[in-house]
Amino acid sequence: MFVCENCNYTFSYKESLPFSWKTRIGYPCPNCKETHYYTADSRRKSMYITLGAVVLIIFLNAIDLPFVTIFAIGAIMIAFLILLSPFTMKITRKEERLW
Ligand SMILES: [Zn+2]
């Protein structure tokens, strides 16, 4: 789970989730209000997973699976990515450059 670099507050699971859709603008620590961001490594990791998912969806499309099945697989992958993000990602106080 995420830990605030400023006050060592441990984010709850629910407090950690908004990071996945606020990666660029950051998200404040609920305790000290210091804004935190995903580390560049974490953003890169999520980018590679997304690229992998796109390649998988293109592959599934090529083997003629019904669109509904491909859509369901894509939705499940996005849900997993968001729901597991508090365990797989890291945060930092300073917004790091991606490259
Ligand atoms: Zn804090």
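This section describes the zinc site, the largest pocket and a set of individual residues in a predicted model.

The zinc ion is held by four protein donors, namely the SG atoms of Cys4, Cys7, Cys29 and Cys32, which lie 2.2 to 2.3 Å from the metal. Along the chain, these donors of the zinc ion follow the spacing C-x2-C-x21-C-x2-C. The angles subtended by the four donor atoms around the zinc ion run from 107 to 113 degrees, and the arrangement is therefore tetrahedral, given that the criterion for four donors requires all angles to lie between 85 and 135 degrees. Two of the donor residues may be described by their accessibility: cysteine 4 has a relative accessible area of 1% and is buried, whereas cysteine 7, with a relative accessible area of 29%, is partly exposed.

Two residues other than glycine carry a positive phi. For asparagine 8, phi is near 65 degrees, and for lysine 33 the corresponding value is near 70 degrees. As background to these values, most residues other than glycine have a negative phi. Asparagine 8 is placed in the segment before helix 1, which spans residues 13-16, while lysine 33 is found in the loop between strand 1 (27-28) and strand 2 (35-38). Asparagine 8 counts as exposed because its relative accessibility is 60%, a value over the 50% that marks an exposed residue; lysine 33 likewise counts as exposed, at 58% relative accessibility.

The segment before helix 1 also contains asparagine 6, which is partly exposed, with a relative accessible area of 40%. When residues up to four places away in sequence are not counted, asparagine 6 touches Cys32, Glu34, His36 and Arg93, and one of these residues, Cys32, is also a donor of the zinc ion through its SG atom. Although asparagine 6 and histidine 36 are 30 residues apart along the chain, their C-alpha atoms are separated by 9.6 Å.

Histidine 36 appears again among the contacts of threonine 92, which, leaving aside neighbours within four places in sequence, are made with Glu5, His36, Tyr37, Tyr38 and Thr39. Threonine 92 itself belongs to strand 3, comprising residues 91-92. With a relative accessibility of 9%, threonine 92 counts as buried, since the value falls under the 20% limit for that class.

The largest pocket encloses about 170 Å³ of space, and the elements that contribute two or more residues to its lining are helix 2 (40-62) and helix 3 (67-88). The lining of this pocket consists of Ile49, Thr50, Ala53, Val54, Ile57, Gly74, Met77, Ile78 and Leu81. Helix 2 makes the greatest contribution to that lining, giving five residues. Sorted by class, the lining of the largest pocket contains seven nonpolar residues and two polar residues, with no charged residues.

Helix 2 and helix 3 also hold two phenylalanine residues that are considered here individually. Phenylalanine 59 is located in helix 2 and is partly exposed, its relative accessible area being 46%. The C-alpha atoms of phenylalanine 59 and lysine 94 are separated by 38 Å, for a distance along the chain of 35 residues. Phenylalanine 87, for its part, is located in helix 3 and has a relative accessible area of 52%, so that it is classed as exposed. Apart from residues up to four places away in sequence, phenylalanine 87 touches Met1 and Tyr13. Phenylalanine 87 and serine 16 are 71 residues apart in sequence, and the distance between their C-alpha atoms is 9.3 Å.

A further aromatic residue, tryptophan 21, is situated in the loop between helix 1 and strand 1. Tryptophan 21 is exposed, with 54% as its relative accessible area. Between tryptophan 21 and aspartate 64, which are 43 residues apart along the chain, the C-alpha atoms are separated by 32 Å.

Conventions
Residues numbered from 1 in each chain as written. Predicted model: local features only at pLDDT ≥ 70, side-chain atom pairs only at ≥ 80, totals over all residues. Heavy atoms only, no water. Donors = N, O, S within 2.8 Å, 3.2 Å for Na, K, Ca; no water. Tetrahedral: all angles 85-135°; square planar, octahedral: opposite > 155°, others 65-115°. Buried < 20%, exposed > 50% of the residue type's maximum accessible area, 1.4 Å probe, protein only. 1 Å grid on protein atoms, 1.4 Å probe; cavity = no way out; pocket = protein on both sides within 12 Å on 5 of 7 lines; lining within 4 Å. Points joined across faces, edges and corners; volume = space filled by probe spheres on them. Helix = DSSP H or I, 4+ residues; strand = E, 2+ residues; numbered from the N terminus. Nonpolar A, V, L, I, M, F, W, Y, C, P; charged D, E, K, R; others polar. Contact = heavy atoms within 4.5 Å.
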